[in-house]
Amino acid sequence: MIEISFGKMLLLALIALLVLGPEKLPGAARTAGALVRRVRNTWDSVRAEVERELEVEEIKRTAREAAARAEAAQAQMNATARDVREAVGSVAAAPAPASPEPEPEARLASEMADEADEPAPERDTLTGDLFADDPKHAPVKEPPHGIA
């Protein structure tokens with residue numbers, strides 16, 4: 001802003017005293033002070049508004065970039081899903097082998113049943129837990145850390 005030294009301010013006060021006189025000088029000083037205060041408040045509000053607009057533009061730019069990244073990720077995910085569907089379709093269309101190999105879980109369960117001469121435990125239909133009703137094979141529940 002404008003820099004006014006003490007000497008210049010003293011010179012301005014002396015000129016104002018000569019021009020206005022001692023009766024009108026206090027009123028003129030109050031009016032000048034109010035005018036300077038109003039100009040300063042207006043300048044501050046304009047500066048704050050410009051800063052808010054810049055922040056809003058920055059947020060909008062960030063949102064546009066995030067939307068573009070999300071669209072790119074969605075397109076990549078769609079392409080991957082399409083590739084997986086095609087692969088599953090080609091596997092489903094392929095003829096089944098003549099003697100199917102039992103799945104590892106079923107083979108393991110049947111081997112365990114043969115070794116123990118017990119029927120294989122059935123999977124709990126509600127929780128999917130294989131050993132829900134079999135206390136012999138149920139997992140051990142450990143206390144939380146720090147509690148004995």
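How many salt bridges does the count come to? The count comes to four. Three of the pairs are described below, after the overall picture.

**Overall picture**

This is a predicted model. Its average pLDDT is 79, and 61% of the residues score at least 70. The protein has three helices and zero strands. Along the sequence the pattern reads α-α-α. Confidence varies between these elements. Helix α2 has the highest mean pLDDT, at 92. Helix α3, residues 104-116, has the lowest, at 61.

Little of the chain is covered. Of the 148 residues, 2% count as buried. The protein exposes about 13,600 Å². Carbon and sulfur atoms supply 63% of that area.

**Helix α1 and its nonpolar patch**

Helix α1 spans residues 6-20. It has 15 residues. From its first C-alpha to its last it reaches 21 Å, close to the 21 Å expected at 1.5 Å a residue. Just after α1 comes Gly21, with a positive phi of about 90°.

A nonpolar patch lies on the surface here. Its members are Leu11, Leu14, Ile15, Leu17, Leu18, Val19 and Leu20. Together they have about 680 Å² of accessible area. Take Leu17 as one of them. Leu17 sits in helix α1. Its relative accessible area is 37%, so Leu17 is partly exposed. Membership of a patch calls for over 30% relative accessible area and no salt bridge. Leu17, at 37%, is therefore over the area cut-off.

**Salt bridges in helix α2**

Side chains of opposite charge can pair when their charged atoms come close. Helix α2, residues 25-93, holds the pairs tabulated here.

| Pair | Closest N to O distance | Spacing in α2 |
|---|---|---|
| Arg47 and Asp44 | 3.6 Å | three residues apart |
| Glu58 and Arg61 | 2.4 Å | three residues apart |
| Arg61 and Glu65 | 2.7 Å | four residues apart |

Start with Arg47 and Asp44. The two residues form a salt bridge, with the closest N and O atoms 3.6 Å apart. The cut-off is 4 Å, so this distance of 3.6 Å qualifies. Both residues lie in helix α2, about one turn of the helix apart. Arg47 is partly exposed, at 42% relative accessible area. Asp44 is partly exposed too, at 31%.

What links Glu58, Arg61 and Glu65? These residues are joined in a network of salt bridges. Arg61 takes part in both of the contacts tabulated for this group. Glu58 meets Arg61 with the closest N and O atoms 2.4 Å apart. The spacing between Glu58 and Arg61 is three residues, about one turn of helix α2. On the other side of the sequence, Arg61 meets Glu65 at 2.7 Å, N to O. Arg61 and Glu65 are four residues apart in helix α2, so about one helical turn separates them.

Are the members of this network buried, partly exposed or exposed? Glu58 is partly exposed, with a relative accessible area of 38%. Arg61 is partly exposed at 35%. Glu65 is partly exposed at 37%.

**In brief**

Helix α1 carries Leu17, one of the residues of the nonpolar surface patch. Helix α2 carries the pair Arg47 and Asp44. Helix α2 also holds Glu58 and Arg61, which belong with Glu65 to a salt-bridge network. Helix α2 has the highest mean pLDDT among the elements, and α3 the lowest.

How values were computed:
Residues are numbered from 1 along each chain as its sequence is written. This is a predicted model: local features need pLDDT of at least 70, side-chain atom pairs count only at pLDDT 80 or more; totals for chains, interfaces and linings use all residues. Side-chain values use heavy atoms; hydrogens and water are left out. Patches are made of residues with over 30% relative accessible area and no salt bridge: like charges are joined within 9 Å, nonpolar side chains (Val, Leu, Ile, Met, Phe, Trp, Tyr) within 5 Å. Accessible areas come from the Shrake-Rupley method with a 1.4 Å probe; for residues, only the protein chains shown count as cover. A salt bridge is a side-chain nitrogen of Lys or Arg within 4 Å of a carboxyl oxygen of Asp or Glu. Helices (H or I, at least four residues) and strands (E, at least two) are DSSP runs, numbered from the N terminus. Buried means under 20% relative accessible area, exposed over 50%, partly exposed in between (1.4 Å probe, protein chains only). The expected span of a helix is 1.5 Å times one less than its number of residues. pLDDT is the predictor's confidence in each residue, from 0 to 100.
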